[in-house]
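Reader: I am new to structures like this one, and I would like to learn how to read their features one at a time. Could you take me through some of them slowly?

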Amino acid sequence: MSSSTGTTGTTTVITNIATLVTNDPSLGDSSPLGLVRDAAVVIEGDRVVWTGESSKAPATDNRVDAGGRAVLPGFVDSHSHLVFAGDRTEEFNARMSGRGYTAGGIRTTVAATRAATDEELEANLTRFLSEALRQGTTTFETKSGYGLTVADEARALRLAAAHTDEVTYLGAHIVSPDYADDPAGYVALVTGEMLDACAPHARWIDVFCEKGAFDGDQARAILTAGRAKGLHPRIHANQLSHGPGVQLAVELDAASADHCTHLTDADVDALASGDTVATLLPGAEFSTRAAWPDARRLLDAGVTVALSTDCNPGSSFTSSVPFCVALAVRDMGMTPDEAVWSATAGGAAALRRTDVGRVAPGAYADLTLLDAPSHVHLAYRPGVPLVSEVWRRGVRVV
């Protein structure tokens, strides 16, 4: 057996799947999840080559019994900040206890990250990646943004690029403490020498477009400079307040506008009319007790929505996509089906990928098996470690 991608090699069928989420309506029921009951998946090499009912599965070299479990595409976490050092437990504890806290926030992490060795940063990164993998994440994006010097931003991206193709240059996370009195000078650095050093290691460029960070004109200049160097835009947009971020994202054809917590009707209309995905990050609202994004409003308008963790040490220190799925269903107006689609196919759309986020011929064989008969259990049984097995590129890794 060989696939349309030209993959050849040993074939394996995973059979006795209670519910298979393909994210391809042509392969299953007519829902966006393309569900198949009593299903099987055939893998050849690192790709899926067949899906369907177990009784119709072709002969293969190997056979794996899923034991009546549900099988989903591996989660696609399209927004994380994993290259950092240090800890902000005291800040979180103060916030959750209603006490004032005057430490430096992101600047605290910047200081710790600059002081860390390459080995320490990479050990942290791989620990969080292993943690995420055990919870079903097979594709992830991660950013720089905790160095804010030419050398520190470049090394963060170099370390990240050793572990993922989805690397984002976020020199424009905040204005560097070194340029506190010269934000224009920092923008010049981010769009000049720092960009030159970082572009070879990245696919994406991001900016935190928010009061206290970068305004619309600065964000446009930064993203336009990155695009001229071959980096595609994505934007931290409208997290803390209404602002120009979402409109700018659509104007520049950003792959994703991330957070999208405070939106006008014009923002929603812009997202619905463009190709920019609205990536929602409920871990941030959970960890800051902020207002939840209104996923229902976006979905009803026809906006493509992704769900991701925003894993970072300050505002969303979780690597668990299942946790974010449960939050989205409970507090953001999403159905279980919508949340699972957004955490898989939605994340793939936010990375402009078609080879992940679905279980269909030609896609990578990235699979998450749940100790449950249905994907609905991710929201139905929140906090329970349901992920029992993970396959990435055709190999069982958990």
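Author: Let us begin with a charge over a ring, keeping in mind that this is a predicted model. The general idea is to look for the charged end of an Arg or Lys side chain set above the flat side of an aromatic ring. In this structure, Arg234 is placed over the face of Trp204, at 4.4 Å from the ring centre.

Reader: Which residue lies over the face of Tyr364?

Author: That residue is Arg47, which is found 4.0 Å from the ring centre of Tyr364.

Reader: Trp204 has come up already; what is its bridge partner in strand 10?

Author: The partner of Trp204 in strand 10 is His232. To read strand pairing, one asks which strands are joined by bridges and in which sense they run, and here strand 9, residues 204–209, pairs with strand 10 in the parallel sense over six bridges.

Reader: Why is strand 10 described as largely enclosed by the rest of the structure?

Author: The reasoning goes through burial, where a residue counts as buried if its relative accessible area is under 20%. Of the six residues of strand 10, which covers 232–237, five are buried, and therefore the strand is largely enclosed by the rest of the structure.

Reader: Which way do the residues of strand 12 point?

Author: For a strand, it helps to follow the side chains along its length and note the direction of each. In strand 12, residues 277–280, Val277 and Thr279 point one way while Ala278 and Leu280 point the other way, and all are buried. Strand 12 also pairs with strand 11, residues 256–259, in the parallel sense over three bridges, and within strand 12 it is Thr279 that serves as the bridge partner of Asp258.

Reader: How many aromatic pairs are there, and how should I read one?

Author: The count comes to seven aromatic pairs, and for each pair one reads the distance between ring centres together with the angle between the planes. Take Phe84 and Tyr146, whose ring centres are 6.2 Å apart with the planes at 70°; since planes over 60 degrees apart count as edge-to-face, this pair is edge-to-face. This pair links distant parts of the chain, 62 residues apart, with Phe84 in the loop between strand 6 and helix 1 and Tyr146 in the loop between strand 7 and helix 4.

Reader: Are Phe84 and Tyr146 buried or exposed?

Author: Phe84 has a relative accessible area of 1% and is buried, and Tyr146, at 3%, counts as buried as well. These two residues also belong to one aromatic cluster, which they form with Phe128 and Phe317.

Reader: What kind of pair do Tyr179 and Tyr186 form?

Author: Tyr179 and Tyr186 form a tilted pair, with 5.6 Å from centre to centre and 50° between the planes. Tyr179 is partly exposed, at a relative accessible area of 27%, whereas Tyr186 is buried, at 0%.

Reader: What volume does the largest pocket have, and which residues are closest to its centre?

Author: For a pocket, one reads the volume, then the lining, and then where the lining comes from. The largest pocket has a volume of about 590 Å³, and of its 29 lining residues, Ile106, Phe208, Gln239, Leu240 and Ser315 are the closest to the centre. Helix 1, helix 2 and helix 10 are the elements that give two or more residues to this lining, and the largest share, three residues, comes from helix 10. By type, the lining of the largest pocket divides into eight nonpolar, 14 polar and seven charged residues.

Reader: How many residues line the second largest pocket?

Author: The second largest pocket, with about 320 Å³ of space, is lined by 18 residues, and those nearest its centre are Thr138, Phe140, His163, Thr164 and Arg392. Helix 3 gives the largest share of this lining, five residues, and the lining divides into five nonpolar, seven polar and six charged residues.

Reader: What lines the largest cavity?

Author: A cavity differs from a pocket in that a probe fits inside but cannot get out. The largest cavity here has a volume of about 40 Å³, and its lining includes Phe128, Phe140 and Asp77. Helix 3 supplies the largest share of that lining, three residues, and the lining as a whole consists of six nonpolar, three polar and one charged.

Notes:
Residues numbered from 1 in each chain as written. Predicted model: local features only at pLDDT ≥ 70, side-chain atom pairs only at ≥ 80, totals over all residues. Heavy atoms only, no water. 1 Å grid on protein atoms, 1.4 Å probe; cavity = no way out; pocket = protein on both sides within 12 Å on 5 of 7 lines; lining within 4 Å. Points joined across faces, edges and corners; volume = space filled by probe spheres on them. Helix = DSSP H or I, 4+ residues; strand = E, 2+ residues; numbered from the N terminus. Nonpolar A, V, L, I, M, F, W, Y, C, P; charged D, E, K, R; others polar. Phe/Tyr/Trp six-rings, centres within 6.5 Å; stacked < 30°, edge-to-face > 60°. Buried < 20%, exposed > 50% of the residue type's maximum accessible area, 1.4 Å probe, protein only. Lys NZ or Arg CZ within 6 Å of the ring centre and 35° of its normal. Pairing = 2+ DSSP bridges.
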